[in-house]
Amino acid sequence: YDLAGNAAEWTWDASTGSPAQRLLRGGAWSSAASACELTTLASEGASLRLDRSGFRVANSIALALAAALDAPDLAWESGGDEAWFAQTTPTHDGTDAAESGPVSPGQSSWLETTVTGPANLRFRWEASQRGALDLFRLETGTGDPILLTGPGIWEERLVELPAGDHTLRWLFVRDAPSTGTSRVRLDGVSVTPATAPTVTTTAAASISGISATLGGEVTVDGGRAVSTRGVVYATTASPSLGGPGVQELTATFAGTGPFSVTATGLAEGTTYYARAYATNNLGTRYGENVVFTTDTNAVFVEGIALLARAILPGDTQVFRFTLNGPRLFAASTEGGAGLEVRLFAGDGTLLRSWATGPELDLGVVLDEGSYSLELRRPAGGGETAQAHTLTLDERTVAVRRPDVTVGRSFTSTRGGRVNTGALAKQYQFTTPRAAPVSAFVSVTNRGNRPDRFALRGGDGSRHFKVEYRDAAGDLVTAAVRNGLYHTPEREPGAPADWLRVKVTPAKELLLVGKGGRTVTLRTVETILIDAASVADPTARDGVSIRVRTR
């Protein structure tokens with residue numbers, strides 16, 4: 001309609017008998033009124049340029065509907081007694097919407113497009129001008145039609161479409177007994193692909209000899225509600241639901257986000273593969289494989305624990321053991337090249353960590369208690385397990401043994417390598433006329449573990465004054481008397497630490513006049529000096545210095 005205007009319309013029809021000409025319909029600005037009827041036809045040469053003829057620019061109904069429905073990628077068709085069309089009011093998005101033609105009683109109007117599933121269809125519909133018995137429904141080609149009932153004031157609907165091609169038809173039928181016309185409208189149509197969920201597997205945690213915490217995270221639901229999620233695990237790679245030897249753990253709650261489950265009843269020292277999974281109505285997907293090995297409680301037989309293992313890239317193996325006393329503990333591997341090693345105390349304190357070279361060769365002093373040795377193989381380098389044999393050795397008892405000697409010089413001390421008590425290891429001085437005397441006391445670490453020692457010495461008496469100096473010549477008398485003088489930590493067999501002990505008799509008391517001459521009173525003083533391990537005071541040794549006047 002509304003074809004009459006300022007220019008006559010060129011058509012494609014040729015004039016009868018003049019194939020080079022084309023017909024012009026209607027009149028133009030220069031035509032008489034009688035020539036402006038739409039039925040008026042004239043012909044001109046097709047190559048002629050005229051200022052009174054032209055073409056009317058028009059938009060296709062399908063493109064206009066695609067824009068109004070916010071679905072430009074879909075091809076739309078409309079039909080029935082009245083076609084759908086694009087309009088700008090009323091709308092949901094404030095821009096435009098599609099509206100059915102004004103349908104009279106007994107008439108219908110339909111809108112149609114084709115999509116491929118699986119997909120989620122969303123749209124909003126409005127039927128404020130619909131009669132009570134009018135029918136508005138969506139036909140998907142799968143299952144029963146979906147009735148669009150209720151007040152329908154831009155109500156949003158979600159329709160889950162299965163796999164395959166679907167011709168979607170919105171059909172509006174006016175109730176025959178009614179009078180007047182009715183309309184319905186659509187806006188905001190979207191079709192998004194739907195898939196099975198996307199899930200990742202988290203690393204195993206809280207691993208013990210018989211249990212572990214496993215889990216994952218559903219990062220994308222695929223456009224459909226996640227009905228089930230959990231973890232499957234087995235001793236073979238890539239476990240799946242229902243597979244041979246596969247154990248399944250279902251999370252308490254479905255949906256998206258992180259989740260965890262606890263695997264119990266596991267076998268000690270066994271390597272497992274685990275994968276998280278999630279299911280919606282389009283299927284099940286799995287996360288990546290994670291590998292974990294349950295802990296092993298090492299059992300010593302005559303002081304040796306021999307454990308043959310194979311370790312996969314990215315896996316960690318933990319070996320727990322208990323020492324009933326201090327030990328020179330040794331651990332070694334054969335075939336365990338390139339492992340990362342950590343040693344923990346029973347309370348979880350990290351004691352040592354290092355990366356091995358070709359093979360592990362560890363020697364360390366450990367006190368009585370519980371420990372765990374952790375071997376980790378870095379990720380990468382293929383998927384083949386690396387075989388190795390781990391040997392744990394607790395046979396050598398770690399001892400603390402101070403060895404104290406005494407003599408006139410620090411190069412000529414005696415009493416070493418025996419532990420018979422201070423009085424049995426005695427050095428005797430005889431001093432004429434109450435002259436001062438000096439002795440040297442040394443302490444050596446004769447144990448098989450690093451140690452430091454506390455030295456304690458006697459403080460003399462009213463007849464004898466005792467003075468202590470260290471190897472640097474510094475006065476340390478008060479510290480030695482109170483047992484507060486400590487040597488540095490020394491490795492077994494390291495050079496000795498030593499003290500110089502000076503004993504000065506009290507001449508004013510010991511030199512007396514007798515018969516016109518001065519004589520020395522005879523008396524004896526024994527000074528005890530001992531060394532005790534700072535870590536274990538029961539490990540001790542000592543010497544004594546006996547000073548006699550004459």
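Let's start with the largest pocket, which holds about 370 Å³ of space. Please keep in mind that this is a predicted model. The pocket has 18 lining residues, and those nearest its centre are Val290, Val291, Pro313, Gly314 and Asp315. Which strand gives the most to that lining? It is β20, with 4 residues. Strand β20 covers 290–293, and both it and β13, at 198–205, supply at least two lining residues each. Sorted by class, the pocket lining has 10 nonpolar, 6 polar and 2 charged residues.

While we are at β13, have a look at Ser206. You will find Ser206 in the loop between β13 and β14, the latter being 212–220. Ser206 is not a glycine, yet its phi is positive, at about 50°. Is Ser206 buried or exposed? Its relative accessibility is 59%, so Ser206 counts as exposed.

Trp154 makes a nice companion to that residue. Here too we have a residue that is not a glycine, with a positive phi of about 50°. Trp154 sits in the loop between β10 (146–147) and β11 (155–173). With a relative accessibility of 13%, though, Trp154 counts as buried, because the cut-off for buried is under 20%.

Now for the peptide bonds. Thr89 and Pro90 are joined by a cis peptide bond, with omega at about -5°. Pro90 belongs to the loop between β6, residues 85–87, and β7, residues 97–99. Another cis bond runs from Gly117 to Pro118, where omega is near 5°. Pro118, in contrast to a loop residue, is placed in strand β8.

Strand β8 brings us to the aromatic residues. How many aromatic pairs does the structure hold? There are 15. Let me pick out Trp125 and Phe136: their ring centres are 5.9 Å apart and their planes stand at 65°, so this pair is edge-to-face. Trp125 is part of β8 (residues 108–129) and Phe136 is part of β9 (residues 135–139), so the pair ties together parts that are 11 residues apart in sequence. Both of these residues are buried. They also belong to one aromatic cluster, together with Trp84 and Phe172.

Let's move along the chain to the largest nonpolar core. This core has 27 residues, and the ones with the most contacts inside it are Val441, Tyr468, Val501, Ile529 and Ile545. Several strands give two or more residues to this core, including β30 (402–407), β31 (426–431), β36 (497–505), β39 (524–533) and β40 (540–549). Which strand supplies the largest share? That is β32, with 4 residues. There is also a second, separate core of 26 residues, and among its members are Leu65, Leu69, Val103 and Leu161.

To get a feel for the largest core, try centring your view on Val501. Leaving out neighbours within four places in sequence, Val501 is in contact with Val437, Ser438, Ala439 and Val441, and also with Val466, Glu467, Tyr468, Ile529 and Ile545.

Tyr468 turns up again when we go to Gly458. Gly458 is located in the loop between β33 and β34. Not counting residues up to four places away in sequence, Gly458 touches Val466, Tyr468, Ile527 and Leu528. Take Ile527 from that list: Gly458 and Ile527 are 69 residues apart in sequence, but their C-alpha atoms are 5.3 Å apart in space. As for accessibility, Gly458 has a relative accessible area of 23%, so it is partly exposed.

Last stop: the enclosed space. How many cavities of 30 Å³ or more does a search of the whole structure find? It finds 1. The largest cavity has a volume of about 40 Å³. Its lining is made up of Val443, Thr444, Asn445, Phe453, Thr487, Arg490, Glu491, Ala494, Pro495 and Asp497. By class, those residues are 4 nonpolar, 3 polar and 3 charged. And β32 comes back once more: this strand, residues 437–445, gives the most to the cavity lining, with 3 residues. So if you want one strand to follow on your screen, try β32, which gives the largest share of the largest nonpolar core and also the most residues to the cavity lining.

Terms used:
Residues numbered from 1 in each chain as written. Predicted model: local features only at pLDDT ≥ 70, side-chain atom pairs only at ≥ 80, totals over all residues. Heavy atoms only, no water. 1 Å grid on protein atoms, 1.4 Å probe; cavity = no way out; pocket = protein on both sides within 12 Å on 5 of 7 lines; lining within 4 Å. Points joined across faces, edges and corners; volume = space filled by probe spheres on them. Nonpolar A, V, L, I, M, F, W, Y, C, P; charged D, E, K, R; others polar. Core = buried A, V, L, I, M, F, W, Y, C linked by side-chain atoms within 4.5 Å. Buried < 20%, exposed > 50% of the residue type's maximum accessible area, 1.4 Å probe, protein only. Contact = heavy atoms within 4.5 Å. Phe/Tyr/Trp six-rings, centres within 6.5 Å; stacked < 30°, edge-to-face > 60°.
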